[in-house]
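Please look at the sequence and the model below before reading on. The paragraphs that follow begin with a pair of charged side chains and work from there towards the interior.

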Amino acid sequence: MKTVYDVQQLLKRFGTIIYIGDRLADLELMEEELKELYQSQLIDVKDYQMALLILRHEAQLEREKRMKRE
């Protein structure tokens, strides 16, 4: 798993498709869904950690991009 797309594919395997239209909100909602999957023991710790790292990194990039626009 290397990209947000890979995380989306992981979520899709469990029937979860997230698209709100706001990139940052999408990433935060994906993180919540991941937490629920992990707590339900549906994904292993390695997948959870990697997906979380990817989403948080992407969310930080999005926040920085928004700060530059303001």
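The side chains of arginine 63 and glutamate 28 come together in a salt bridge, with an N to O distance of 3.4 Å; the term stands for a side-chain nitrogen of Lys or Arg within 4 Å of a carboxyl oxygen of Asp or Glu. Because arginine 63 belongs to helix α3 and glutamate 28 to helix α2, this pair ties together parts that are 35 residues apart in sequence. Helices here are DSSP runs of H or I with at least four residues, numbered from the N terminus. The model is a predicted one, in which local features need pLDDT of at least 70 and side-chain atom pairs count only at pLDDT 80 or more, while totals for chains, interfaces and linings use all residues. Residues are numbered from 1 along each chain as its sequence is written, and side-chain values use heavy atoms, with hydrogens and water left out.

Arginine 63 has 35% relative accessibility and therefore counts as partly exposed, as does glutamate 28 at 38%; buried means under 20% relative accessible area, exposed over 50%, and partly exposed in between, with a 1.4 Å probe and protein chains only.

The structure holds 9 salt bridges. One of them joins glutamate 58 and arginine 23 at 3.3 Å, N to O, and since glutamate 58 lies in helix α3 and arginine 23 in helix α2, it too ties together parts that are 35 residues apart in sequence. Glutamate 31 forms another salt bridge, with arginine 56, whose closest N and O atoms are 3.0 Å apart; here glutamate 31 in helix α2 and arginine 56 in helix α3 are 25 residues apart. Glutamate 31 counts as buried at 14% relative accessibility, whereas arginine 56, at 43%, counts as partly exposed. In addition, Asp22, Glu62, Lys65, Arg66 and Arg69 are linked in a network of salt bridges.

Helix α2 itself comprises the 17 residues from 23 to 39, which at 1.5 Å a residue should span 24 Å, and its end C-alpha atoms are 25 Å apart, in agreement with that expectation; the expected span is 1.5 Å times one less than the number of residues. Which residues of α2 are buried? They are Leu24, Asp26, Leu27, Met30, Glu31, Leu34 and Leu37, and they cover an arc of only 155° around the axis, which puts them on the same side of α2, the arc being that of the directions from the helix axis to the C-beta atoms. An α-helix has 3.6 residues a turn, so residues three or four places apart point the same way. The cover over the buried residues of α2 includes α1 (4-13) and α3 (45-69).

Lysine 35 also has its place in helix α2, and at 25% relative accessibility it counts as partly exposed. Leaving aside residues up to four places away in sequence, lysine 35 touches Tyr48 and Arg56, where contact means heavy atoms within 4.5 Å.

Turning to the interior, the largest nonpolar core has 17 residues, and those with the most contacts inside it are Val7, Leu11, Met30, Leu34 and Leu55. Such a core is a set of buried Ala, Val, Leu, Ile, Met, Phe, Trp, Tyr and Cys residues joined through side-chain atoms within 4.5 Å. The elements giving two or more residues to this core are α1, α2 and α3, and α3 gives the most, with 6 residues. Valine 7 touches Met1, Leu34, Ala51, Ile54 and Leu55, again not counting residues up to four places away in sequence.
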